[in-house]
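User: I would like to go through this model and ask, for a few of its features, what justifies the words used to describe them.

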Amino acid sequence: MPRKIVAGNWKMNLNLIEGIELVQKINTTDTDVNVSIMVFPPSLFVNGIKEVNSEKVQVGVQNFHSEEKGAFTGEVSISQVKSVGGTIGLIGHSERRELFNESNETLKLKVDAAIQNDFGFIFCCGESLGIREAGTEIEFVKNQLEKSLFHLEADQIKDGIIAYEPIWAIGTGRTASSEQAEDMHREIRKMLVDEYDTETAGSISILYGGSCKPGNAKELFACPNVDGGLIGGAALDATSFCAIIDSFK
Ligand code: PGA
């Protein structure tokens, strides 16, 4: 069975004090123990967040560079993230792809860097509204996975996490219906079975992201192939984030 996961992507929101307060509240709220909880603060807050955090919440970064070190102004490497206690990173969020021109090739290098450094990752994929309206979303997502992720061997990908985030649902309040989410998640699981095997496909958590909130999380998480959520806006408030975590109950 894939792990149940609820992850909060803070994007470029909150200051350090607000982030610390949020994590302290998550830590002290009695949430479903069967759900793995992760937060992705701005990378410069990882250190401060780790100091007040317990084992309950895994802390990661929203982005990292594929190189170990060097002249890459403004970037952080995996070893730097690990040195302050970060254990996992997002790869290929649509905002990174769209606003920072991250290509499938760049993301493949990040995937390889994560594997080489024994660093967890959530690989994000998902189509734009235009692609959904053209009815080619499955081919589009398959291509993203094939170009950046499916070169891994089964024993390398088995601990990875995939997040399906339709761009038209991110930050728009327009969530995918549970049918739309489950249809894509089932397709992704099938791609994993075809590319690897049933056991590997069954070990990879596939999260849904895009306007997931306390009001719709229960229905989304009830889908057989939806193993949790990557949450943006609703992860900035402890009450709503914890309510989403408890939506598996
Ligand atoms: P949202 O963002 O929940 O605010 O739509 C999700 C994401 O971008 O990961």
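User: What volume does the largest pocket have, and what makes a residue count as part of its lining?

Analyst: In this predicted model, the largest pocket has a volume of about 510 Å³. A lining residue must have an atom within 4 Å of a pocket point, and 19 residues line this pocket, with Lys11, Gln62, Asn63, Arg96 and Phe100 lying nearest its centre. Helix α4 (residues 94-99) supplies the largest share of the lining, 3 residues, while by class the lining comprises 9 nonpolar, 6 polar and 4 charged residues.

User: Why are the approaches of the Gln62 side chain to Lys11 and Phe40 called polar contacts?

Analyst: The Gln62 side chain reaches the backbone oxygen of Lys11 at 2.9 Å and the backbone oxygen of Phe40 at 3.0 Å. The cut-off for a pair of N or O atoms is 3.5 Å, so both distances fall within it. Gln62 itself lies in the loop between β3 (57-61) and α3 (78-83), and among the residues that it touches are Trp10, Pro41 and Leu90.

User: How do you know that β4 and β5 are paired?

Analyst: Pairing requires at least two bridges, and strand β4 (residues 88-91) and strand β5 (residues 120-125) are joined in the parallel sense over 4 bridges, so the criterion is met. Within this pair, Gly89 stands opposite Phe121 in β5. Both strands belong to a closed barrel of 8 strands, running from β1 through β8 with parallel pairing, in which the twist averages 30° from one strand to the next.

Methods
Residues numbered from 1 in each chain as written. Predicted model: local features only at pLDDT ≥ 70, side-chain atom pairs only at ≥ 80, totals over all residues. Heavy atoms only, no water. Helix = DSSP H or I, 4+ residues; strand = E, 2+ residues; numbered from the N terminus. Axes fitted to C-alpha atoms, helices over the stretch in contact; angles between N-to-C directions. 1 Å grid on protein atoms, 1.4 Å probe; cavity = no way out; pocket = protein on both sides within 12 Å on 5 of 7 lines; lining within 4 Å. Points joined across faces, edges and corners; volume = space filled by probe spheres on them. Nonpolar A, V, L, I, M, F, W, Y, C, P; charged D, E, K, R; others polar. Polar contact = N/O pair within 3.5 Å; in protein donor to acceptor, adjacent residues only side chain to side chain. Contact = heavy atoms within 4.5 Å. Lists of a residue's contacts leave out its neighbours within four places in sequence.
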